[in-house]
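Hi,

I have a structure to hand over to you, and I hope you enjoy looking through it. Have a look first, and then read on for my notes.

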Amino acid sequence: MYSNFKEQAIEYVRQAVQEDNGGNYAKAFPLYMNALEYFKTHLKYEKNPKIKEAITQKFTEYLRRAEEIRAVLDEGGSGPGSNGGDAAVIAKPKTKPKDGEDGGEDPEQSKLRAGLNSAIVREKPNVKWNDVAGLESAKQALQEAVILPVKFPQFFTGKRRPWRAFLLYGPPGTGKSYLAKAVATEAESTFFSVSSSDLVSKWMGESEKLVSNLFEMARESAPSIIFVDEIDSLCGQRGEGNESEASRRIKTELLVQMQGVGHNDDKVLVLAATNTPYALDQAIRRRFDKRIYIPLPDLKARQHMFKVHLGDTPHNLSESDFEDLAHKTEGFSGSDVSVCVKDVLFEPVRKTQDAAFFTQTSNGTWIPCGPKQRGAEQTTMQELAAKGLASQIIPPPITKTDFDKVLARQRPTVSKSDLEVHNRFTKEFGEEG
């Protein structure tokens, strides 16, 4: 019985295409919509996966065409003969559901590429190599892969080839994505930053086309870098019970593209990051010729991070204070240090809000102070603001006590069991960053 739905859908499509080719968009639109309803009903009953895929692709095609026609109708066009006069001037939409399209660029490919355009990082993130604390061997390896081939192509002759695929793995918050931002800033290459949401489509067969087009665009704009964050969400172990057909196909396409069969991929680097390296499919893992562990920051790195995150914010911390903070934050990730500093940055603001005494400085600004400080006046931030002095109230500099107060309530977010997992993976498959 359900074959009647497909036959009815095909008949509606035939009529819709006929009206469409004649420019009668007002008549074509409801015919396309009727066809889509019948196709939708048929898909509920169809069991053959290949037939389902073919119908889904056609459904997508007709839906896109119907949306284009609706946009034209919304703008006031309805096709020839609608008002008894000349044909309405309507730009022919790019997609045509009938066979025998003209020789222009594939409209479906144009749509896929338009979606991927947003993945291109056009503005440099302004994160320099020096901003990344520690990770010297990881930075060196990435420089070998990213900077040298572009600036010194003569180095890569004979059998010497640049690295083509990097996997950065480690606990959350250790700076994997931050390192990728430094690569985007320092590299003179087109940088594609993609996540699973950019490559997974609800339409059957479209996800692998997105992967294929991504690599094709990277080859066209080489030298280029494709950064895939949280690659484990795309490339988990094959054969798992919850793995879908779409997931398997994405992984297969990614494997084919990373293999680079039939393409010159010397100027395309794949950079990926994951917090769970064991969750990666083994075949995908083997495609990464460099697998670098990004560990928790060491003492010197944490000391550097505190300085970087404070930046030019007024403070009175000495070098020994920064060293002491580094000692107190053993086991903290880079993200933990960043959160700590963000919290500390608000301590002077909180002091200013709660202050009951202020003193006026020589340049006319007001800062909170103690009741016994010379020149102290009993007033509040709100009272000063009411006198029109809001713009002259300045928070005090950050002190070591502010850090001690925040650290007393903050704990590291990476557990020992997490570290053991990554250390084991490093011994089996990786290398230290």
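Below is what I found, starting with a pair of helices and moving on to two single residues.

Please keep in mind that this is a predicted model.

**The helix pair**

A good place to begin is helix α13, residues 334–345, together with helix α16, residues 400–407. Their axes come within 9 Å and cross at roughly 120 degrees. That angle falls outside the 65 to 115 degrees that count as roughly perpendicular and is not over 145, so α13 and α16 are oblique to each other. The crossing of α13 past α16 is right-handed.

If you would like to find the contact on screen, look for Cys-340, Val-341, Asp-343 and Val-344 on the α13 side. Their partners in α16 are Asp-402, Phe-403, Val-406 and Leu-407. Of the residues in this contact, 6 are nonpolar and 2 are charged, with no polar ones.

**Thr-352**

Next, go to helix α14, which spans residues 347–354 and holds Thr-352. With a relative accessible area of 5%, Thr-352 is buried, because buried means under 20%. Beyond the residues up to four places away in sequence, Thr-352 touches Phe-358, Pro-368, Met-381, Ile-393, Pro-395 and Pro-396.

**Ser-189**

Finally, Ser-189 sits in the loop between α6 (176–186) and β2 (190–194). Is Ser-189 buried or exposed? Its relative accessibility is 13%, so Ser-189 counts as buried. Apart from neighbours within four places in sequence, Ser-189 is in contact with Lys-124, Val-150, Pro-223, Ser-224 and Ile-225.

Best wishes

Technical notes
Residues numbered from 1 in each chain as written. Predicted model: local features only at pLDDT ≥ 70, side-chain atom pairs only at ≥ 80, totals over all residues. Heavy atoms only, no water. Helix = DSSP H or I, 4+ residues; strand = E, 2+ residues; numbered from the N terminus. Buried < 20%, exposed > 50% of the residue type's maximum accessible area, 1.4 Å probe, protein only. Contact = heavy atoms within 4.5 Å. Axes fitted to C-alpha atoms, helices over the stretch in contact; angles between N-to-C directions. Parallel < 35°, antiparallel > 145°, perpendicular 65-115°, else oblique. Left-handed = near helix turned anticlockwise from the far one by under 90°. Nonpolar A, V, L, I, M, F, W, Y, C, P; charged D, E, K, R; others polar.
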